[in-house]
Amino acid sequence: MAKSAQYRVSGLILPVYLPSLLFTAGEMALIPTIPAMAESMGAGIALAGIIAGLLMAGTVAGDLPAARLVHSLGERQSMIVAALVGAIGILTAASSSSLLQLAAGIFILGAAAAVFGLARHSYLTAVVPLSHRGRALSILGGIFRAGGMLGPLIGAAAISIWSLSAVFWVGVVLCALAALLLGLSPDDRLETAGEGKFTMFQTVRDNRKGLATLGVASALLAAARAARTVGLPLWALHIGLDPAQTSLVLGIAGAVDVALFYTSGQIIDRFGRRWVAIPTTAGLGLTMLLFVLATDANTFLALALLMSLANGLGSGIIMLIGADLAPPKKRSEFLAAFRLIVDLASAAAPITISAITAVSSLSLGLGTIGLAAIWGTALFYRHLPRPSQRNSA
């Protein structure tokens with residue numbers, strides 16, 4: 001490995017960033033169309049929502065098994081396998097003749113995303129020196145955001161030119177291209193990831209303090225981010241904004257989010273994790289509590305921009321904290337457990353909002369997640385090492 005002073009993050013473009021962009025765009029292209037595809041096959045709104053939710057369910061289910069695969073094959077080979085399996089999952093959904101086959105394809109894609117995400121996370125943890133880790137993972141966070149914007153745009157173009165099912169074929173092509181790029185990558189530094197015997201539960205026991213403190217804090221941040229994703233369009237509907245206004249506001253806010261990813265990495269590497277994790281979590285928590293003040297388009301835009309500012313500042317911070325905590329010889333096992341906690345929180349946040357809204361109000365549902373984020377802020381403040389402590393360690 002190159003010395004820290006000579007390291008170039010640009011060396012990660014082919015082995016990590018470009019394949020990640022393709023895979024994420026392929027996955028995200030499907031998200032707006034899965035409910036419509038299910039509805040066209042006879043599903044009601046509730047069932048269509050359940051089928052769409054199987055993408056996250058597959059990811060959660062795949063988090064722990066992914067660790068064994070990465071331990072056995074290594075990060076690069078695992079990413080190739082995951083991209084190909086993701087393409088098979090999308091192909092299964094694209095050619096589905098029943099809702100069960102569609103659901104199976106979406107679940108397979110979610111499980112493949114778990115493997116791809118863990119392998120990529122483990123790869124960067126091992127390859128990137130600590131001095132550049134913030135920038136490397138914040139760029140990866142920016143790649144997620146770019147893929148989340150690019151995928152639906154490509155999907156919309158495919159629908160307008162061909163048909164609804166064409167989006168799925170776009171996803172197949174993008175995942176296959178990601179596998180091809182990984183196969184052509186010259187970076188063979190990590191063909192074998194695991195060292196020694198696979199010991200998932202022993203690794204969790206040995207690192208339970210980090211998982212119970214910074215792992216939980218990261219999960220609460222992830223829950224706030226998931227709540228933001230569903231909360232903004234729900235609140236726009238609640239205050240009576242039309243779809244065009246909502247899309248415009250979310251588009252502007254999304255641009256702010258994407259624009260800050262590299263700034264986030266620079267702050268992390270120069271000043272430390274606290275300067276990003278604490279403001280991001282506190283900012284999302286406080287803006288969740290301020291939803292009740294957004295009563296028209298202007299105040300809604302201001303709130304959306306504040307949330308994007310907070311969220312964009314924390315690009316890659318959850319992955320970075322996981323990388324910092326991971327023991328070098330058991331990184332895939334640890335990161336699988338860490339990612340499972342985070343993914344469970346992300347999946348639980350929309351369900352929590354829906355349940356509280358059903359018995360009370362949307363503002364209380366969002367406010368509950370906001371208070372959880374404030375708790376996460378306190379955990380970060382208490383347990384994230386200050387720069388002097390981290391350097392001495």
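Which residues is serine 308 in contact with, leaving aside its neighbours within four places in sequence? Keep that in mind while you orient yourself in the model, which is predicted, and begin by selecting serine 308 itself, which lies in helix α13. With its sequence neighbours within four places left aside, serine 308 is in contact with Arg228, Ala253, Gly254, Val256, Asp257 and Leu260. Serine 308 counts as buried because its relative accessibility is 0%, so hide any surface representation before you look for this residue.

**Helices α10 and α13**

Next, select residues 243-259, which form helix α10, together with residues 297-313, which form helix α13; the two pack at an angle of about 25 degrees, and their axes are 8 Å apart. Because angles under 35 degrees count as roughly parallel, α10 is roughly parallel to α13. The crossing in which α10 passes α13 is right-handed. To display the contact, show Gln245, Val249, Ile252, Ala253, Gly254, Val256 and Asp257 on the α10 side, and on the α13 side Ala297, Phe300, Leu301, Ala304, Leu305, Ser308, Leu309, Asn311 and Gly312. Coloured by class, the residues of this contact divide into 10 nonpolar, five polar and one charged.

**Helices α1 and α7**

Now move to helix α1 (residues 13-30) and helix α7 (residues 166-184), which pack at an angle of about 170 degrees with their axes 8 Å apart. Since angles over 145 degrees count as roughly antiparallel, α1 is roughly antiparallel to α7. The crossing of this pair is left-handed. From α1, select Leu14, Pro15, Leu18, Pro19, Leu22, Phe23, Ala25, Gly26, Ala29 and Leu30, and from α7 select Val167, Phe168, Gly171, Leu174, Cys175, Leu177, Ala178, Leu181, Leu182 and Leu184, which together make the contact. By class, the contact of α1 with α7 has 18 nonpolar and two polar residues, and no charged ones.

**The nonpolar core**

Which residues have the most contacts inside the largest nonpolar core? They are Leu12, Tyr17, Leu30, Phe168, Ile317 and Phe380, in a core of 112 residues. Helix α9 (residues 208-238) supplies the largest share of this core, with 14 residues. As general background, nonpolar side chains in soluble globular proteins tend to be buried together. Centre the view on isoleucine 317, which, leaving aside its neighbours within four places in sequence, is in contact with Leu221, Arg225, Ile268, Arg273, Val276 and Ala277.

**Two partly exposed residues**

From there, go to valine 230, which is found in helix α9. Its relative accessibility is 26%, and valine 230 therefore counts as partly exposed. Apart from its neighbours within four places in sequence, valine 230 is in contact with Pro350 and Ile353. A distance label between the C-alpha atoms of valine 230 and isoleucine 353 should read 9.0 Å, although the two residues are 123 residues apart in sequence.

For the last stop, select isoleucine 108, whose place is in helix α5 (residues 99-127). Is isoleucine 108 buried or partly exposed? With a relative accessible area of 28%, isoleucine 108 is partly exposed. Its contacts, once neighbours within four places in sequence are left aside, are with Val85 and Gly89. Add glycine 86 to the selection as well: isoleucine 108 and glycine 86 are 22 residues apart in sequence, and their C-alpha atoms are 6.7 Å apart in space.

Terms used. Residues numbered from 1 in each chain as written. Predicted model: local features only at pLDDT ≥ 70, side-chain atom pairs only at ≥ 80, totals over all residues. Heavy atoms only, no water. Axes fitted to C-alpha atoms, helices over the stretch in contact; angles between N-to-C directions. Helix = DSSP H or I, 4+ residues; strand = E, 2+ residues; numbered from the N terminus. Parallel < 35°, antiparallel > 145°, perpendicular 65-115°, else oblique. Left-handed = near helix turned anticlockwise from the far one by under 90°. Contact = heavy atoms within 4.5 Å. Nonpolar A, V, L, I, M, F, W, Y, C, P; charged D, E, K, R; others polar. Core = buried A, V, L, I, M, F, W, Y, C linked by side-chain atoms within 4.5 Å. Buried < 20%, exposed > 50% of the residue type's maximum accessible area, 1.4 Å probe, protein only.
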